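Thank you all for making the time this morning. I would like to walk through one chain with you, slowly, and I suggest we keep the picture open while I talk.

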Amino acid sequence: MEDLLGQVEAPTSICFPLYNLIPEIISDENMERSFKRVMSNLHNADTRSGIKWRETVVIDGVECTPRMVRYMRRKKEIIAELKEQIGNGTFRVVRLSSFEVDDGPKRRMVQAPPVVKRIGCNAIMEIVEKHLSPLLIENTAASIEGRGPHGLFHKMQEVRAENPDLIYYYQSDYKGYYDHILHDKMIDIIKQYIADPILLPILIDFVKVLHPDGNVGISKGLRSSQFFGNLYHNDIDHAMIEECGKDNYNRFCDDIYIYGDNKKELWKHRDTLHRLSKPYNLIIKTSEKVAPVSAGMDALGYIDYGDHSRIRKRTKVNAARILAKIKSRKRRQQIIGSFKGMACHADCKHLYYILTGKRMKKFSEMGVTYTPADGKKRFPGKVTRLGDIVNITIEIHDYETLDTKFGEDRYLVSFKNPVTQEWGKFFTASDEMKGILDQISDIEDGFPFETVIKCEQFDGNKRKYNFT
């Protein structure tokens with residue numbers, strides 16, 4: 001960055017702004033995935049509502065609630081209609097329904113489009129988020145695929161465990177975050193990364209749909225708003241990281257947490273955050289504070305005391321009240337499962353037992369493992385070309401022998417990048433590499449091992465890859 005709040009540097013492998021995203025959005029695979037996602041959300045919402053229906057209808061192997069039936073029966077027609085509208089740029093969200101939802105101790109007003117428009121929004125944002133999510137900082141997790149509050153919570157704990165001097169924290173959140181987002185600034189940010197002449201007007205419509213004649217405030221229920229909210233704060237995030245350090249600064253939606261080894265330093269970071277937020281029309285609540293972690297940091301649904309953590313009081317009180325009143329056995333199991341999902345990320349085994357009468361075990365204590373029917377191993381990560389991982393340090397963790405359409409007796413090798421911590425796998429037919437892997441498998445504690453793969457050219461354009 002040239003200054004503290006300059007434009008975020010784009011990932012080197014991507015050239016912004018992006019054009020021609022429409023074919024990817026209206027692909028059969030993406031439209032099908034978006035339809036299924038919205039139907040799944042409807043099913044979950046109808047199930048949670050507790051409303052019982054007379055009979056279960058199954059369409060294309062999917063168990064449908066009454067509300068889902070009319071969309072499932074028109075699935076092909078709906079997808080074809082959306083593909084045409086998105087493809088020619090006429091897709092618009094023209095109506096939002098407002099309703100209140102519980103958000104902790106508060107009631108919030110949110111807005112959502114009709115179900116068919118919801119499917120279109122999902123299809124569009126699925127691809128937009130795929131290309132723009134790499135711009136976001138690693139330590140933000142709200143509404144980002146593959147991340148979440150529990151992951152961020154544990155990441156924050158790990159940072160403090162590795163840096164015991166970080167005994168203080170600054171915490172704040174914004175007043176009406178989505179209500180204060182400036183349309184012009186949000187649109188300018190989008191234009192930095194998206195220049196597709198068909199897609200851009202649709203995205204601008206998403207920004208302005210709640211207040212078409214105004215210049216501030218975006219919908220709290222539209223799928224696009226979740227990601228736009230992250231993108232709107234992104235320049236501020238990167239500027240704060242420049243000042244605080246990558247691991248010390250964390251954000252979840254509009255909640256911000258900064259670690260430090262002294263209060264004076266944190267108050268300085270607080271002043272910087274106020275200064276950077278002002279041009280974005282964002283107002284930080286007066287409840288912000290600097291305090292020792294040992295006093296209890298209220299973050300992401302937990303109270304973290306440094307050496308242990310607890311679930312928020314209102315969460316356990318609500319769970320206790322519901323479990324005391326509920327009569328349906330199925331619904332009780334759902335509530336217990338949901339509470340266990342929270343409790344297992346904190347030091348709450350005894351609380352879980354008091355409320356449910358059940359002892360909570362760790363998965364590692366159960367001794368349960370899965371063995372695929374074909375006896376083959378399943379490695380995490382995507383299949384990678386060998387040419388894409390030459391000359392970088394990787395860790396080789398395991399391998400499996402497979403017969404593929406390209407030949408028999410090929411090795412599928414599992415590896416991890418120690419810098420990014422990302423898993424991957426590659427195929428090799430090299431007798432040399434296969435022989436080395438066989439020898440290492442006979443050595444006690446041979447795996448994992450660290451290596452750099454090198455590429456040698458011979459006989460013109462032929463390539464040979466080796467472990468070094």
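**Two sheets, one helix and a few unusual residues**

Let me start at a single pair of residues, because it gives us a way into the first sheet: R251 stands opposite I256 in β7. I should say at once that what you are looking at is a predicted model, and that everything I quote today is computed from it. The same two strands hold a second pair that you can find on the screen, with Y249 standing opposite I258 in β7. Taken together, β6 and strand β7, which covers residues 255–260, pair in the antiparallel sense over four bridges. They form a hairpin with two residues between them, and in that turn C253 has a positive phi of about 60°.

If you look along β6 itself, the side chains alternate: Y249 and R251 point one way, N250 and F252 point the other way, and all of them are buried. Now, where does this hairpin sit in the wider sheet? It belongs to an open sheet of four strands in the order β6-β7-β5-β8, with antiparallel pairing. β6 (249–252) and β8 (289–292) stand at the edges with a single partner strand each, so one side of each has no neighbour in the sheet. On average, and ignoring direction, neighbouring strands here are turned by 20° against each other. Helix α11, residues 263–277, packs on this sheet and touches β5 (168–173), β7 and β8, its direction making about 20° with that of β5.

Let me move to the second sheet. It is an open sheet of three strands, ordered β9-β10-β11, with antiparallel pairing. Its edge strands are β9 (297–299) and β11 (309–311), each of which pairs on one side only, and the twist averages 25° from one strand to the next. Strand β10, residues 302–304, is joined to β11 by three bridges, and the two run antiparallel; to take one position, the bridge partner of Y302 in β11 is I311. Across β9, β10 and β11 lies helix α6, residues 149–162, which runs at about 0° to β10.

From β11 we can step to helix α13, and here I would ask you to rotate the view until you are looking down its axis. α13 spans residues 329–343, which is 15 residues, and reaches 21 Å from its first C-alpha to its last, close to the 21 Å expected at 1.5 Å a residue. Which residues of α13 are buried? They are I335, I336, F339 and A343. These cover an arc of only 100° around the axis, which means that they lie on the same side of α13. The face turned away from that buried side carries the exposed residues K330 and S338. As for what covers the buried residues, the list includes β11, α12 (313–325) and α14 (349–356), and the first of these is an edge strand of the three-stranded sheet.

I also want to flag some backbone geometry. Most residues other than glycine have a negative phi, and most peptide bonds are trans. Against that background, the peptide bond from F16 to P17 is cis, with omega near 0°, and P17 is found in the segment before α1 (22–25). D60, in the loop between β1 (57–59) and β2 (62–64), has a phi near 55°, a positive value in a residue other than glycine. D60 is exposed, because its relative accessible area is 65% and the cut-off for exposed is over 50%. S143, in the loop between α5 (115–132) and α6, likewise has a positive phi of about 60° although it is not a glycine, but at 40% relative accessibility S143 counts as partly exposed.

Finally, the chain as a whole. It has 16 helices and 17 strands, and its C-alpha atoms fill a box of roughly 65 × 60 × 60 Å along the principal axes. Of the 468 residues, 41% are buried. The accessible surface comes to about 26000 Å², with 49% of it belonging to carbon and sulfur atoms. Among contacts between residues at least 6 apart in sequence, 66% join residues at least 24 apart. I will stop there and take questions.

Definitions and conventions:
Residues numbered from 1 in each chain as written. Predicted model: local features only at pLDDT ≥ 70, side-chain atom pairs only at ≥ 80, totals over all residues. Heavy atoms only, no water. Pairing = 2+ DSSP bridges. Axes fitted to C-alpha atoms, helices over the stretch in contact; angles between N-to-C directions. Contact = heavy atoms within 4.5 Å. Expected span 1.5 Å × (residues − 1). Buried < 20%, exposed > 50% of the residue type's maximum accessible area, 1.4 Å probe, protein only. Arc of directions from axis to C-beta. Areas by Shrake-Rupley, 256 points an atom, 1.4 Å probe, with all protein chains shown as cover.
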